[in-house]
Amino acid sequence: MISKAGSRTYERAHFSSRHPRLSTMERCLLKWAVIDRDDRVLDVGLGNGLMAEYLLRNMECEVCGVADDMELVRSNRGLVRSADLVQIAAAGDIPWRDQAFHAVLLRPCRLDESAMENQLREVHRVLKEGGQLVMGLENLPAPLRSALAAIRETPAEV
């Protein structure tokens with residue numbers, strides 16, 4: 001028989017990867033967002049699903065999410081079962097009615113200008129009047145940004 005303290009030690013040793021933490025950007029988005037109980041929140045991009053899970057557990061609000069990757073949507077559905085998560089074909093196709101959300105949390109991925117403009121237009125459409133858009137962007141110095149861009153453009157063998 002294993003004790004309660006022993007089970008915690010065993011869990012920490014063998015299941016540490018089960019408890020991932022919010023990224024810095026996700027923590028900042030949640031810090032800046034003013035979300036009340038029973039608000040409707042749209043998570044655009046979903047990430048690893050931890051932000052949606054945090055909102056459901058701690059803020060007790062209704063969470064919806066969109067992502068362009070079906071595998072990401074499937075894995076997040078397993079993590080946050082009560083959230084409405086949807087795969088979208090293009091970055092700007094948000095399948096909810098106009099003025100449906102009190103808050104939109106947006107972490108834009110690498111999109112071209114027209115796709116970003118379309119995504120922001122759709123976010124504005126689904127955001128209620130007086131609602132809030134909290135957007136997280138990478139803030140990197142120009143030399144580091146250009147180095148990252150060069151790395152991403154290199155072939156996989158390199």
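**A nonpolar patch on the surface**

On the surface of the protein, Leu 120, Leu 133, Met 135 and Leu 137 come together as a nonpolar patch, with a combined accessible area of about 330 Å². Keep in mind as you look that this is a predicted model. One of the patch members, Leu 137, sits in the loop between β5 (127-135) and α6 (142-153). Is Leu 137 buried or exposed? Its relative accessible area is 56%, and because the cut-off for exposed is over 50%, Leu 137 counts as exposed.

**The overall build**

The protein has six helices and five strands, arranged along the sequence as α-α-β-α-β-α-β-β-α-β-α. Among its 158 residues, 33% are buried. The accessible surface adds up to about 10500 Å², and carbon and sulfur atoms supply 53% of that. Of the contacts with a separation of 6 or more, 62% link residues 24 or more positions apart.

**The sheet**

Let's turn to the strands. All five form an open, parallel sheet in the order β3-β2-β1-β4-β5. β3 (84-87) and β5 are at the edges with a single partner strand each, so each has one side without a neighbour in the sheet. On average, neighbouring strands are turned by 20 degrees against each other, direction ignored.

Four bridges join β2 (residues 62-67) to β3 in the parallel sense, and Val 66 has Val 86 in β3 as its bridge partner.

**Helices on the sheet**

Helix α2 (residues 24-32) packs on the sheet, where it touches β4 (101-106) and β5, and its direction makes about 150 degrees with that of β5. Helix α4 (residues 70-79) lies across β2 and β3 and runs at about 165 degrees to β3.

Methods:
Residues numbered from 1 in each chain as written. Predicted model: local features only at pLDDT ≥ 70, side-chain atom pairs only at ≥ 80, totals over all residues. Heavy atoms only, no water. Helix = DSSP H or I, 4+ residues; strand = E, 2+ residues; numbered from the N terminus. Buried < 20%, exposed > 50% of the residue type's maximum accessible area, 1.4 Å probe, protein only. Contact = heavy atoms within 4.5 Å. Areas by Shrake-Rupley, 256 points an atom, 1.4 Å probe, with all protein chains shown as cover. Patch = residues over 30% accessible without salt bridge, like charges linked within 9 Å, V, L, I, M, F, W, Y side chains within 5 Å. Salt bridge = Lys/Arg side-chain N within 4 Å of Asp/Glu carboxyl O. Pairing = 2+ DSSP bridges. Axes fitted to C-alpha atoms, helices over the stretch in contact; angles between N-to-C directions.
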